[in-house]
Amino acid sequence: MIQVQGISKTFYIAKRDKCVIEALKHLVKREYAAVKALDNVSFNIKQGEIVGYIGPNGAGKSTTIKIISGILVPDQGTCNILGYTPWKDRKEYVKHIGVVFGQRTQLWWDVPVIDSYELLKDIYKIPTNTYQNNLELLTNTLELKELLYKPVRQLSLGERMRCEIGASLLHDPKILFLDEPTIGLDAVSKKAVRNFIKTINQEKQVTVILTTHDMRDIEELVNRIILIGKGKILLDGSLNEVKLKFGGEKTILITYSNQHKPFDFPVERINGNQLRLLIDTNKQSLPQIIDMVSEYVQIEDIDINHLPIEDIIVKLYKEYQL
Amino acid sequence: MRSYLALFQMRFIRGLQYRTAALAGIFTQFFWGFMHIMIFEAFYTSSSATQPINFHQLVNMLWLQQAFLAFIMLWFRDNEIINQIIKGDIAIELLRPIKLYEFWYSRLLAQRSSSAMLRFLPILIVAFLLPYPYNFVLPQDIISFLLFIVTLCLGVLIVVALSMLIYISMFYTLSGTGSILIFGVIGEFLAGLIIPIPLMPEALQRIVYLLPFRYTTDLPFRIYVGSIPRREALISICIQVIWLIILYIIGKLWMSKALKRLVIQGG
């Protein structure tokens with residue numbers, strides 16, 4: 001459905017001057033520094049997938065989204081999405097996609113939300129029936145009812161984001177690009193947005209590509225992640241694979257009574273009668289550990305925790321030296 | 001086509017909501033109108049030579065200028081479009097199945113027409129009630145009036161096509177002020193808004209007639225006051241149409257070039 005092959009994009013940035021003489025020199029001749037934003041990026045995405053596109057700031061996430069949504073022209077590479085080349089067939093192609101940029105608004109700033117929706121209906125030539133149905137569905141699931149008649153400038157960030165997501169789905173897109181959709185939202189709004197993304201993915205088979213820095217988004221929504229850093233794709237796999245590879249560490253919290261003998265294995269912390277261990281399950285299995293500990297103490301209670309996904313990602317970034 | 005009309009309609013209705021701005025504008029335009037009239041009155045009374053256009057005709061042109069200011073001025077700026085270019089929100093426009101040139105064109109046209117719609121009648125009515133020779137009068141006959149309407153409509157289409165070039169140039173300059181200032185100053189001089197074209201030296205007139213700027217407003221206003229013969233008026237309508245096509249083609253080509261090398265500003 002989405003095939004991206006060898007995309008590269010370089011930006012040229014005029015060099016800033018450190019001293020006056022250089023600044024004067026550059027008045028005559030400008031020097032440019034080439035910044036490689038994307039370097040030979042390829043991936044395929046199937047219909048109905050939710051893909052998390054992650055990477056540190058400046059890795060090339062937004063540039064990729066802009067290229068595959070047809071608004072930037074890459075220097076090299078080919079791309080076939082729904083049978084279109086996005087930047088060549090822009091006008092036809094964008095009818096089939098929806099895009100939300102968390103930091104930009106696609107609604108008209110000074111008119112009520114519903115007016116923007118009506119205009120989008122005309123722009124996308126949405127049949128009245130489809131429009132009514134979608135509007136009703138979106139109003140119910142995103143709780144837009146009270147927001148529709150307010151001008152966009154009077155909405156809070158969370159309210160606006162719900163309206164934005166609504167706007168991007170009015171025309172039944174087959175693919176939805178979300179560039180940091182939960183940025184700046186409170187916990188409740190985040191949850192609403194995530195639930196909604198899940199719903200439309202399941203019910204309408206919308207393919208979703210999501211960039212985010214919020215790892216909860218990734219954990220709750222995504223079944224596959226693509227990691228990009230310094231313009232290159234570093235990793236492409238399921239979240240579970242990543243967890244297995246980088247998230248093998250677990251913390252175990254054991255509450256005990258009756259210590260038989262002193263501990264002679266590495267312990268992270270003892271707090272009263274609580275013992276905290278950090279183990280790597282790739283090296284030692286859990287039953288082994290528990291067997292071992294029960295030789296020392298009588299175990300009352302055990303708490304096992306995964307490494308939080310945030311820490312996994314930090315490890316991932318470190319591993320690839322990002 | 002429908003989407004461009006819908007946008008036009010939305011912006012037009014929105015434009016009509018700014019009544020206080022219009023009222024303030026009307027007062028400003030009266031002030032300017034009187035100031036221009038006084039300057040030219042001083043000029044006419046101090047010179048004994050016969051001028052190519054008489055004072056009362058000139059007064060009428062000045063009132064028309066003030067009444068249809070929104071159709072004339074090249075420095076009319078749409079900050080939303082400027083921000084889209086400079087801050088990168090143009091990304092959103094490009095994600096829609098529309099032609100950007102036509103989309104912006106309808107938007108700008110709506111803005112100018114709604115603004116003119118609110119202002120021109122009050123100004124002309126008050127000017128109509130002033131004593132001679134400061135008053136505004138009806139045209140000589142119905143045909144001049146019709147020619148005036150046709151050329152005025154074509155004129156505003158040309159103004160919008162010209163201002164599209166200003167906005168496209170911002171893809172390169174990334175500055176709203178610079179592009180508008182340069183275009184505004186040069187364009188308005190060449191449109192005869194600073195010195196009326198009949199009063200310009202002949203050499204300058206020849207240059208001005210070769211450029212599109214005077215076809216925006218100088219032409220319709222002079223048809224109204226009867227300073228352009230009917231035959232010439234008809235030829236000028238053809239020239240207006242030709243200029244409109246040329247400006248449209250230049251704008252379209254330039255825009256598609258600009259979009260190819262577009263950099264979306266800011267993340």
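# Notebook: two chains, A and B

I began with helix 8 of chain B, residues 142-173. I counted 32 residues and took the distance from its first C-alpha to its last, which came to 46 Å. At 1.5 Å a residue the expected span is also 46 Å, so I logged the helix as close to expectation. I then checked what comes next: B:Leu174 follows helix 8 of chain B and has a positive phi, near 55°. I keep in mind throughout that this is a predicted model.

**Chain B, overall**

I listed the secondary structure of chain B and found twelve helices and zero strands. Read from the N terminus, the elements of chain B are α-α-α-α-α-α-α-α-α-α-α-α. I compared the radius of gyration of chain B, 19 Å, with the 18 Å that the globule rule gives for 267 residues. The two are close, so I noted chain B as being as compact as a globular protein of that length. Its C-alpha atoms fill a box of roughly 65 × 40 × 35 Å along the principal axes. Of the 267 residues in chain B, 41% count as buried. I also looked at contacts in chain B with a separation of 6 or more: 82% of them link residues 24 or more positions apart.

**Helix 3 of chain B**

Is helix 3 of chain B largely enclosed or largely open? I found eleven of its 13 residues buried, so the rest of the structure largely encloses this helix. The buried set in helix 3 of chain B includes B:Leu58, B:Met61, B:Trp63 and B:Leu64. B:Gln57, B:Asn60, B:Gln65 and B:Gln66 are also among the buried residues. Next I asked which elements the buried residues of helix 3 of chain B pack against. They pack against helix 2 (19-46), helix 4 (69-72), helix 7 (100-128) and helix 11 (218-225) of chain B. I ran the length check here too. Helix 3 of chain B covers residues 55-67 and should span 18 Å at 1.5 Å a residue; its end C-alpha atoms are 18 Å apart, which agrees.

**A cis bond in chain B**

I looked at omega for the peptide bond from B:Tyr132 to B:Pro133 and got a value near 5°, so I recorded it as cis. B:Pro133 sits in the loop between helix 7 and helix 8 of chain B.

**Chain A, overall**

I turned to chain A and counted eleven helices and 13 strands. Chain A has a radius of gyration of 25 Å, whereas a compact globule of 322 residues would have one near 20 Å. I looked at the domains next. The assignment gives domain 1 (42-243) and domain 2 (248-306) of chain A. The centres of domain 1 and domain 2 of chain A are 44 Å apart over C-alpha atoms. The C-alpha trace of chain A spans about 75 × 60 × 40 Å along its principal axes. Buried residues are 33% of the 322 in chain A.

I checked confidence as well. Chain A has a mean pLDDT of 85, with 98% of its residues at 70 or more. Among the elements of chain A, helix 1 (residues 20-28) has the lowest mean pLDDT, 72, and strand 7 (residues 207-211) the highest, 92.

**Single residues in chain A**

A:Val28 lies in helix 1 of chain A. I counted 6 other C-beta atoms within 10 Å, so A:Val28 is exposed. From A:Val28 to A:Pro181 I got 43 Å, C-alpha to C-alpha, with their positions 153 residues apart in sequence.

I then looked for positive phi. A:Gln205 is not a glycine, yet its phi is positive, about 55°. A:Gln205 is in the loop between helix 7 (187-204) and strand 7 of chain A. It is exposed, with 10 other C-beta atoms within 10 Å. A:Lys230 is not a glycine either and has a positive phi of about 50°. A:Lys230 is in the loop between strand 8 (224-229) and strand 9 (232-238) of chain A. It has 17 C-beta neighbours inside 10 Å and so counts as partly exposed.

**Where A touches B**

Last, the contact. It takes 23 residues from chain A and 19 residues from chain B. On the chain A side, helix 2 (61-68), helix 3 (90-93), strand 5 (97-101) and helix 4 (113-123) each supply at least two residues. Helix 4 of chain A gives the largest share, four residues. By class I logged eleven nonpolar, four polar and eight charged residues on the side of chain A that touches chain B.

Note on methods:
Residues are numbered from 1 along each chain as its sequence is written. Chains are lettered from A and ligands numbered from 1 in the order in which they are written. This is a predicted model: local features need pLDDT of at least 70, side-chain atom pairs count only at pLDDT 80 or more; totals for chains, interfaces and linings use all residues. Two residues are in contact if their C-beta atoms, placed from the backbone, lie within 7 Å. Ala, Val, Leu, Ile, Met, Phe, Trp, Tyr, Cys and Pro count as nonpolar, Asp, Glu, Lys and Arg as charged, and the others, Gly among them, as polar. The radius of gyration is taken over C-alpha atoms; the globule rule is 2.2 Å times the number of residues to the power 0.38. A residue is buried if 20 or more other C-beta atoms lie within 10 Å of its own, exposed if 12 or fewer, and partly exposed in between; C-beta atoms are placed from the backbone. The expected span of a helix is 1.5 Å times one less than its number of residues. Domain bounds come from an automatic or database domain assignment. pLDDT is the predictor's confidence in each residue, from 0 to 100.
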